[in-house]
Amino acid sequence: MKTAIYPGSFDPVTLGHLNIIKRAAACFDKLIVCVMVNSNKRNSGMFTPQERVEMLRRVTEKLPNVEVDFSDELLASYAKRKRARVLVKGLRAVSDFEQEVQMAIVNGKLNPKLDTMFLPSSEKYTYLSSSVVKEMARYGADLSDFVPREIIQDVEERAREQQSL
Ligand code: ADP
C-alpha cells in the first residue's frame with residue numbers, strides 16, 4: 001500500500017490545498033492530510049488544530065482514500081509511524097521552492113526512507129494562501145473563489161468574531 005502525507009497548517013483549508021489533495025489522492029493508495037501543530041504557534045491562528053481537522057474532514061468527505069489527522073510530532077517521525085514513504089508538497093511560486101527543497105533534504109536525512117514530491121499549484125491558485133483568505137475574510141470579501149463552499153460560513157463567522165474582540 002502506497003501511503004503519502006500532505007502536511008500543512010491548513011488555517012483554514014483553501015481551494016489551492018483541496019486541488020493538491022485531489023491530485024495527490026489520485027496518485028497514491030492512501031493520502032493522509034496532516035495538520036501539523038507547530039509548538040511555537042500552538043495558540044495562534046484563526047482556527048484550533050481540532051477545528052482545522054474537522055473542516056478538512058468535511059471538505060474531503062467524498063474522497064475515500066483521504067484521511068485527516070493532526071500531529072505535533074516531527075514530520076519525519078510521524079511519517080515513519082504511519083509507514084508513509086512520500087511527503088507531498090504544493091509549490092506555488094519560485095519563492096516556495098528554496099525553503100521546500102531545504103525541508104525535503106532535512107526530512108530525508110532524518111528519515112532516509114522518506115521522499116518528497118512536489119506538485120505545481122494549478123494556475124488559478126498560485127496566488128492563494130491561508131493568509132490571503134484570512135485577510136479577505138476580515139474585509140468581508142466574497143470567499144467563494146478562495147475556500148471550499150462547505151467552510152465559507154465558518155471562516156466568515158470566525159473573522160467577524162475576531163473583529164469584534
Ligand atoms: P499556507 O501557505 O496557505 O498557509 P500551508 O502551510 O497550510 O499553507 O501549506 C501546506 C502545503 O500546501 C504547502 O506544501 C504549501 O506549499 C501548499 N499550498 C498552499 N497553498 C497552495 C496553493 N494555492 N496551491 C498549491 N499548493 C499550496
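This is a short talk on the ligand site, the pockets and two backbone features of one structure.

Hi everyone, thanks for coming. Please keep in mind that this is a predicted model.

Let's start with the ligand. There are 18 residues around the ligand, and those that come nearest are Tyr6, Phe10, Gly90, Tyr125 and Ser130. If you sort the shell by residue class, you get six nonpolar, eight polar and four charged residues. As for where they come from, β1 (3-8), α1 (15-25), β4 (86-91) and α4 (94-110) each give at least two residues to that shell.

Now to the polar side chains, where three are worth pointing out. Tyr6 has a polar side-chain atom 2.6 Å from a ligand oxygen. For Arg92, a polar side-chain atom is 3.1 Å from an oxygen atom of the ligand. And at His17, an N or O atom in the side chain sits 3.3 Å from a ligand oxygen. How much of the ligand's accessible area does the protein cover? On its own the ligand has 540 Å² of accessible area, and 88% of that is covered by the protein.

Let's move on to the pockets. Which pocket does the ligand take up? The space it fills is the largest pocket. That pocket has a volume of about 1,400 Å³. It is lined by 43 residues, and Pro7, Gly8, Ser9, Phe10 and Glu100 are the closest to its centre. So that you can find your way around the walls on screen: β1, α1, α2 (49-59), β4, α4 and α5 (130-138) each supply at least two lining residues. The largest share belongs to α4, with eight residues. By class, the lining of this largest pocket splits into 16 nonpolar, 16 polar and eleven charged residues.

What about the second largest pocket? Its volume is about 190 Å³. Lining it are Leu18, Lys22, Arg58, Val59, Glu61, Lys62, Leu63, Arg149 and Glu150. Here α1 and α2 each bring at least two residues to the lining. Which classes make up that lining? Three of its residues are nonpolar, none is polar, and six are charged.

Last, the backbone, and please look at the loop between β1 and α1. Most residues other than glycine have a negative phi, and most peptide bonds are trans. Phe10 lies in this loop, and its phi is positive, about 50 degrees, although it is not a glycine. You have met Phe10 already, as one of the residues that come nearest to the ligand and one of the closest to the centre of the largest pocket. Pro12 is also found in the loop between β1 and α1. The peptide bond that joins Asp11 and Pro12 is cis, with omega about 0 degrees.

If you take one picture home, take this one: the ligand occupies the largest pocket, with polar side-chain atoms of Tyr6 and Arg92 at its oxygen atoms. Thanks, and I'm happy to rotate the model for anyone who wants another look.

Technical notes. Residues are numbered from 1 along each chain as its sequence is written. This is a predicted model: local features need pLDDT of at least 70, side-chain atom pairs count only at pLDDT 80 or more; totals for chains, interfaces and linings use all residues. Side-chain values use heavy atoms; hydrogens and water are left out. A residue is near a molecule or strand if one of its heavy atoms lies within 4 Å of it. A polar contact is a pair of N or O atoms within 3.5 Å; within protein, one must be able to donate a hydrogen and the other to accept it, and residues adjacent in sequence count only if both atoms are side-chain atoms. Accessible areas come from the Shrake-Rupley method with a 1.4 Å probe; for residues, only the protein chains shown count as cover. On a 1 Å grid over the protein atoms alone, a cavity is a set of points where a 1.4 Å probe fits but cannot get out, and a pocket is an open set with protein on both sides within 12 Å along at least five of seven lines; lining residues have an atom within 4 Å of a point. A molecule sits in a cavity or pocket if more than half of its atoms lie within 2 Å of its grid points. Helices (H or I, at least four residues) and strands (E, at least two) are DSSP runs, numbered from the N terminus. Ala, Val, Leu, Ile, Met, Phe, Trp, Tyr, Cys and Pro count as nonpolar, Asp, Glu, Lys and Arg as charged, and the others, Gly among them, as polar. Grid points are joined across faces, edges and corners, and a volume is the space filled by probe spheres set on the points.
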